[in-house]
Amino acid sequence: MSELTRASLSIERDLMERFDRAVEEGGHSNRSEAIRDLMRAHLQSLSWGGSARVVATVTLLYDHHARRLTRQIEEHGHDHHDVTRSSLHVHMGADLCLEVVILCGGASEVKAATQHLVGLQGVLHGGVVYSDLDAAEAHAAGQWGEG
Ligand code: NI
């Protein structure tokens, strides 16, 4: 491990308490280790070069009554039709909508489209899982061979 540096963060008490409980229940031995893993995962998701092919599964929770947002999400799909593979809309209740969008293509284009989606004003929760398509295909080819 390289030299450690100390960092001081300002975090809402409720968020910190929930995180500490998750650390306790998860596999990390302490808060610092858990935060380091999160930072590494985040950096990994940003580190692909523009030529790498990735899949992004984007999850958005938003208020059904935010009509402008519904339209913006639909327009986003048209604007980025070359990397938007599919989307799923689920009415979670009277007021809440869940949208799952699957994007696939070059890392830089997929990342830009993903960040635009998650950053739309009115999104209550936005999450993304990136997968390295090239690495997965290489692995699959190695495992099953050709034919
Ligand atoms: Ni809905």
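The expected span of a helix is 1.5 Å times one less than its number of residues; helices (H or I, at least four residues) and strands (E, at least two) are DSSP runs, numbered from the N terminus. The model is predicted: local features need pLDDT of at least 70 and side-chain atom pairs count only at pLDDT 80 or more, while totals for chains, interfaces and linings use all residues. Residues are numbered from 1 along each chain as its sequence is written, and side-chain values use heavy atoms, with hydrogens and water left out.

**Helix H4**

Select residues 107-118, which form helix H4. The 12 residues of H4 should span 16 Å at 1.5 Å a residue, and the end C-alpha atoms of H4 are 16 Å apart, in agreement with that value. Colour Ala107, Val110, Lys111, Ala113, Thr114 and Leu117 next: these residues of H4 are buried, where buried means under 20% relative accessible area, exposed over 50%, and partly exposed in between (1.4 Å probe, protein chains only). Viewed down the axis of H4, the buried residues fall within an arc of 165 degrees, so they line one face of the helix; the arc is that of the directions from the helix axis to the C-beta atoms. Also in H4 is Gln115, which is partly exposed at 48% relative accessibility. A distance drawn from the C-alpha atom of Gln115 to that of Gly142, 27 residues away along the chain, reads 33 Å.

**Helix H3**

Proceed to helix H3, residues 67-79. For its 13 residues, the expected 18 Å at 1.5 Å a residue agrees with the 18 Å between the end C-alpha atoms. Leu69, Ile73 and His76 are the buried residues to highlight in H3. They cover an arc of only 55 degrees around the axis, which puts them on the same side of H3. Turn to the other side of H3 to find Arg67, Arg68, Glu74 and His78 exposed. An α-helix has 3.6 residues a turn, so residues three or four places apart point the same way. To see what the buried residues of H3 pack against, display strand S1 (53-63), strand S3 (96-106), helix H4 (107-118) and strand S4 (123-132). Contact here means heavy atoms within 4.5 Å.

**Strands S3 and S4**

Within strand S3, select Val101, a buried residue with a relative accessible area of 5%. Leaving aside neighbours within four places in sequence, Val101 is in contact with Ala56, Thr57, Val58, Thr84, Ser86, Ser87 and Leu117. For Val101 and Thr57, a separation of 44 residues in sequence goes with 5.9 Å in space, C-alpha to C-alpha.

Then move to Asp132 in strand S4. Asp132 is partly exposed, at 25% relative accessibility. Residues up to four places away in sequence not being counted, Asp132 touches Trp48 and Arg53. Asn30 lies 102 residues from Asp132 in sequence and 29 Å from it in space, C-alpha to C-alpha.

**The nickel site and the cysteines**

Centre the view on the nickel ion, coordinated at 2.1 to 2.4 Å by His89 (NE2), His91 (ND1) and Cys97 (SG). Donors are N, O and S atoms within 2.8 Å of the metal (3.2 Å for Na, K and Ca); water is not among the atoms, so sites may look incomplete. Along the chain, the donors of the nickel ion follow the spacing H-x1-H-x5-C. His89 is partly exposed, with a relative accessible area of 32%, whereas Cys97 is buried at 2% relative accessibility. Select Cys104 as well: this residue is buried, with a relative accessible area of 12%. With a disulfide defined as a pair of cysteine sulfur atoms within 2.5 Å, the count comes to zero disulfides.

**The whole chain**

Finally, zoom out and colour domain 1 (13-46) and domain 2 (53-137) separately; these bounds come from an automatic or database domain assignment. The centres of domain 1 and domain 2, taken over C-alpha atoms, are separated by 25 Å.
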